[in-house]
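Subject: A structure for you to look at

Hi there,

Here is the structure I promised to pass on. Have a look at it first, and then read my notes below.

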Amino acid sequence: RNADWSPLGADKSDPYCICEVPGKRGVRIRTRTINNQLNPVWNHEAVLEGWQPGDPLKFTVFDKDFTSDDELGTVTLIPSQFEGKNGFSS
């Protein structure tokens, strides 16, 4: 969704995503911010140090702002939804 506002209506969200393991402090990665984009594609690859087979993954998308970032949405996936599929592996 577009969380940015401009009197001219030209601004769009500047999204980035955080992937983390719920309940494991500091086990998280962050994508780069994509400016002025309502349909971002990150193609981000990373190793999530501290993730173990059986751990769920929580993805939260934010809109980068000058003051405080706005949460655009979140989803938590249980292991059966991603382990061994489409690039996820243990």
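**A buried acid without a salt bridge**

Asp14 is buried (under 20% relative accessible area, with exposed being over 50% and partly exposed in between; 1.4 Å probe, protein chains only). Even so, Asp14 has no salt bridge (a side-chain nitrogen of Lys or Arg within 4 Å of a carboxyl oxygen of Asp or Glu). Its nearest side chain of opposite charge, Lys64, is 9.4 Å away; here Lys and Arg count as positive and Asp and Glu as negative, while His and the chain ends are not counted. What does the side chain of Asp14 reach? It reaches the backbone nitrogen of Asn36, at 2.7 Å.

A word on the basis of all this: the model is predicted, so local features need pLDDT of at least 70 and side-chain atom pairs count only at pLDDT 80 or more, while totals for chains, interfaces and linings use all residues. Residues are numbered from 1 along each chain as its sequence is written, and side-chain values use heavy atoms, with hydrogens and water left out.

**The overall layout**

The protein chain has four strands and zero helices, in the order β-β-β-β from the N terminus. Both kinds of element are DSSP runs numbered from the N terminus: helices are H or I with at least four residues, strands are E with at least two. Asp14 lies in the segment before β1.

Strands pair if DSSP finds at least two bridges between them. β1 runs antiparallel to β3, joined by six bridges, and one pair of bridge partners is Tyr16 with Phe62 in β3. β1 is also antiparallel to β2, with three bridges; there, Ile18 has Arg30 as its bridge partner. Five of the six residues of β1 are buried, so this strand is largely enclosed by the rest of the structure.

Across the protein chain, buried residues make up 27% of the 90 residues. The accessible surface is about 6,400 Å², and carbon and sulfur atoms hold 49% of that; the areas come from the Shrake-Rupley method with a 1.4 Å probe, and for residues only the protein chains shown count as cover.

**The salt bridges**

How many salt bridges does the rule give? The count comes to two. In one, Lys24 pairs with Asp55, their closest N and O atoms being 2.7 Å apart. Lys24 sits in the loop between β1 and β2 and Asp55 in the loop between β2 and β3, so the pair ties together parts that are 31 residues apart in sequence. Lys24 is partly exposed, at 27% relative accessible area, whereas Asp55 is buried, at 13%.

In the other, Lys64 pairs with Asp69, and the closest N and O atoms are 3.9 Å apart. Lys64 is partly exposed at 38%, and Asp69 is partly exposed too, at 25%.

**Next door to Asp55**

Gly54 is in the loop between β2 and β3 and is partly exposed, with a relative accessible area of 46%. Apart from its neighbours within four places in sequence, Gly54 is in contact (heavy atoms within 4.5 Å) with Pro79 and Glu83. The C-alpha atoms of Gly54 and Ile78 are 8.0 Å apart, with their positions 24 residues apart along the chain. For the whole protein chain, residues 24 or more positions apart account for 48% of the contacts with a separation of 6 or more.

Best wishes

Notes. A polar contact is a pair of N or O atoms within 3.5 Å; within protein, one must be able to donate a hydrogen and the other to accept it, and residues adjacent in sequence count only if both atoms are side-chain atoms.
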